[in-house]
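Got your viewer open? Load the model, switch on a cartoon view, and keep the selection box handy for a short tour.

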Amino acid sequence: MRERTGSDAAASRRTSAAGRGRPGVASPVEPLVSVVIPVRGRPGELACCLYFLFDQTLPEEEFEVLVCDDGSTPEDAARIQRLCAGEPNVHYLRQDPKGPAAARNLGVRHAKAPVIAFTDS
């Protein structure tokens, strides 16, 4: 069995989203859950985390993902931004290095949903 890469996961999500609405078009409905992911580097691990978030049963239009970059290197930051691009409910936020707690707080400040969930990549 071939392991899925981040780009495979993104393509799979867009294909599976086609049955629930138009891919790449943001839903006018506010999300029910905001998922906050603090990251510093580790774009490969983040790709896996995003894959599993989009592979669960809650419809994509009912949650948002806030990827909170806590001072990744410019190369890693660019890779992380590419992972987030093209997904209407994934938002990339960046701050200078302040630690994971500050990155989570950044996500909380930008969350739109009444329920906030935290996960690590």
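Which residues form a nonpolar patch on the surface? Before you look, bear in mind that this is a predicted model. Now select Val108, Ile116 and Phe118: these three make up the patch, and together they have about 230 Å² of accessible area. Zoom in on Phe118, which sits in strand S4, residues 115-118. Its relative accessibility is 45%, so Phe118 counts as partly exposed.

Next stop: helix H3. Select residues 74-84 to light up H3, then pick out its buried residues, Ala77, Ile80, Leu83 and Cys84. They lie on the same side of H3, because they cover an arc of only 120° around the axis. What covers them? Colour strand S1 (33-39), helix H2 (43-54), strand S2 (63-70) and strand S3 (90-95), which are among the elements covering the buried residues of H3.

Now spin the view to the other face of H3. On the face turned away from the buried side you'll find Pro74, Glu75 and Arg82, which are exposed. Carry on past the helix to Gly86, which follows H3 and has a positive phi, near 85°.

For the last stop, go to the loop between S1 and H2 and select Arg42. Here phi is positive too, near 55°, but Arg42 is a residue other than glycine. Is Arg42 buried, partly exposed or exposed? With a relative accessible area of 43%, Arg42 is partly exposed.

Conventions
Residues numbered from 1 in each chain as written. Predicted model: local features only at pLDDT ≥ 70, side-chain atom pairs only at ≥ 80, totals over all residues. Heavy atoms only, no water. Buried < 20%, exposed > 50% of the residue type's maximum accessible area, 1.4 Å probe, protein only. Helix = DSSP H or I, 4+ residues; strand = E, 2+ residues; numbered from the N terminus. Arc of directions from axis to C-beta. Contact = heavy atoms within 4.5 Å. Patch = residues over 30% accessible without salt bridge, like charges linked within 9 Å, V, L, I, M, F, W, Y side chains within 5 Å. Areas by Shrake-Rupley, 256 points an atom, 1.4 Å probe, with all protein chains shown as cover. Salt bridge = Lys/Arg side-chain N within 4 Å of Asp/Glu carboxyl O.
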